[in-house]
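Let's take a walk through this structure together, moving from one charged residue out to the sheets and helices. Keep the viewer open and follow along at your own pace.

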Amino acid sequence: MKIETIAIHAGNQKDETSGAVIQPIVMSTTFERAADGSYTSGYIYSRSANPNRTLLENVLAKLEHGVDAAAFSSGNAAGMAVFQSLKPGTHIILPDDMYHGLRNQLKALFVGILEFDFIDINNTEVLKQHIKPNTGLIWIETPSNPLLKLTDIKKVIRIAHKNGIKVACDNTFATPVFQQPLVLGADLVMHSSTKYFGGHSDLMGGVLITPVKDDWWVKIKQVQEMGGAIPSPMDCYYLARSIKTLPYRMAGHAKNAQLLAEYLQKHPKVEAVMYPGLPEHPQHDIAKEQMLGFGGMLSVCIKGGEVEARRVINSLELFTQATSLGGVESLIEHRASVEGPDTKTPFNLLRVSVGLEHIDDLITDMEQALSNY
């Protein structure tokens, strides 16, 4: 089936009892045993499994061409499950530009448990130099947050697999609509489903998806069940509902982002625009090679430094100044101030989650804001 059909049907099951065409929300935390003590329904306790989570994990796995998925209460919980599944002393290689929440999680919670290096993964020689005998995982994030850097997925996988190393890819910015890392050979895909999967800035979630049920996946599922950082049945229901429109929403996000990026690139008060759909993007060819579309995220650097960047952001009317991304409404954020003192993000950079408003209105709003200084 095509992705639009998968999105609509793989997360839904008609209710045989009532005939409802949409699955009910099963709020029960526990499930009845049969006379012999068995669980004929297949469900025991909602932390282990729940009908709504089963349907959600099914559609998430199929969207990414995986065989199984594990849903979590947040993207950070999903990432943590990966790190918790690794043996103590495992070395991880990660990109120097990545979501600060997971980077800070490693620095705060896994020091002395895991080893890790943040490097320019696209630099082949640097990557090879950082591989150690205990390197067990290379974590990639493409496009990256917030600099929109692209990682050559196939190249990294070739190097990793040659050395017996697993590769996990944070695919949050691209979604499976625009990029399918498992098809390219990745061993694991991660998403913050709070973002584009949810799509309406009203629920939190995370997910891991695997192409094979190996020992590593068994460990990850064990962390999911025993750790208990799972989404509620209500969140699973609403997330599965939102996914039904994901392919069409992503098409609108990408169209608007491309047009806004082209407008900003030509503006005299803009220093630089980071968007993989622009031919001027340094890794545009990689984007064309491994992506089916260029996504709805862009970053823009404003001439005049942080003061002028903040003046622009505070002059906008349609773009809401807020953390997060992937909702139908356009959001904008001064990213360096969010990431903390060790940020490598330029202080004149604004990260933009381009929403589904009419592009003419978004450009008009950006024009008046840029004209205010």
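Start at Lys244, which sits in the loop between α9 (233–243) and α10 (246–265). The model you are looking at is a predicted one. Which side chain of opposite charge is nearest to Lys244? That side chain is Asp15, 14 Å away, and Lys244, although buried, has no salt bridge. A salt bridge here calls for a side-chain nitrogen of Lys or Arg within 4 Å of a carboxyl oxygen of Asp or Glu, so a separation of 14 Å does not qualify. Setting aside neighbours within four places in sequence, Lys244 is in contact with Ala7, Ile8 and Asn12.

From there, step back into α9. Its buried residues are Pro233, Cys236, Tyr237, Leu239, Ala240, Ser242 and Ile243. The cover over these buried residues includes α1 (3–9), α2 and α10. In the segment before α1 you will find Lys2, which is exposed, with a relative accessible area of 63%. For a sense of distance, compare Lys2 with Glu308: the two are 306 residues apart in sequence, and their C-alpha atoms are 45 Å apart in space.

Now let us follow α10 to a sheet. Five strands form this open sheet, in the order β8-β9-β12-β11-β10, with mixed pairing. Its edge strands are β8 (270–274) and β10 (320–321), each of which pairs on one side only. At the β10 edge, β10 pairs with strand β11 (residues 331–334) in the parallel sense over two bridges. To locate this pairing in your viewer, look for Thr320, whose bridge partner in β11 is Leu331.

Which helices lie across these strands? Helix α10 lies across β8, β9 (297–302) and β12 (349–353), and runs at about 15° to β9. Helix α12 (residues 305–315) lies across β9, β10, β11 and β12, and runs at about 155° to β11.

Next, have a look at strand β4, elsewhere in the chain. Six of the seven residues of β4 are buried, so this strand is largely enclosed by the rest of the structure. Strand β2 (residues 91–95) pairs with β4 in the parallel sense over three bridges, and Ile92 has Leu137 of β4 as its bridge partner. β4 also pairs with strand β5 (residues 166–170), again in the parallel sense, over five bridges. Here Leu137 stands opposite Lys166 in β5. Between these two strands the chain crosses from β4 through helix α6 (residues 153–162) to β5, making a right-handed β-α-β crossover.

With the sheets in view, let us return to charge. Side chains of opposite charge can pair when their charged atoms come close. How many salt bridges does a search of the whole structure find? The count is 13. One of them joins Lys221 and Glu57, whose closest N and O atoms are 3.9 Å apart. This pair links distant parts of the chain, with Lys221 in helix α8 (residues 215–227) and Glu57 in helix α2 (residues 51–63), 164 residues apart. Lys221 counts as partly exposed, at 23% relative accessibility, whereas Glu57 counts as buried, at 10%.

Another salt bridge is formed by Lys132 and Glu115, with their closest N and O atoms 3.5 Å apart. Lys132 lies in the loop between α5 (124–129) and β4 (135–141), and Glu115 lies in strand β3 (residues 115–119), so this pair ties together parts that are 17 residues apart in sequence. Lys132 is partly exposed, with a relative accessible area of 36%; Glu115 is also partly exposed, at 34%.

A further case lies within a single helix. The side chains of Asp285 and Lys288 meet in a salt bridge, at 3.7 Å from N to O. An α-helix has 3.6 residues a turn, so residues three or four places apart point the same way. Asp285 and Lys288 are three residues apart in helix α11 (residues 284–290), and are therefore separated by about one helical turn. Asp285 is exposed, with a relative accessible area of 58%. Finally, salt bridges with shared partners join Glu333, Arg335, Glu339 and Arg351 into one network.

Methods:
Residues are numbered from 1 along each chain as its sequence is written. This is a predicted model: local features need pLDDT of at least 70, side-chain atom pairs count only at pLDDT 80 or more; totals for chains, interfaces and linings use all residues. Side-chain values use heavy atoms; hydrogens and water are left out. Helices (H or I, at least four residues) and strands (E, at least two) are DSSP runs, numbered from the N terminus. Buried means under 20% relative accessible area, exposed over 50%, partly exposed in between (1.4 Å probe, protein chains only). Lys and Arg count as positive and Asp and Glu as negative; His and the chain ends are not counted. Contact means heavy atoms within 4.5 Å. Two strands pair if DSSP finds at least two bridges between them. Axes are lines fitted to C-alpha atoms, for helices over the stretch in contact, and angles run from 0 to 180 degrees between N-to-C directions. A crossover is right-handed if, with the strands pointing away from the viewer, the path from the first strand over the helix to the second runs clockwise.
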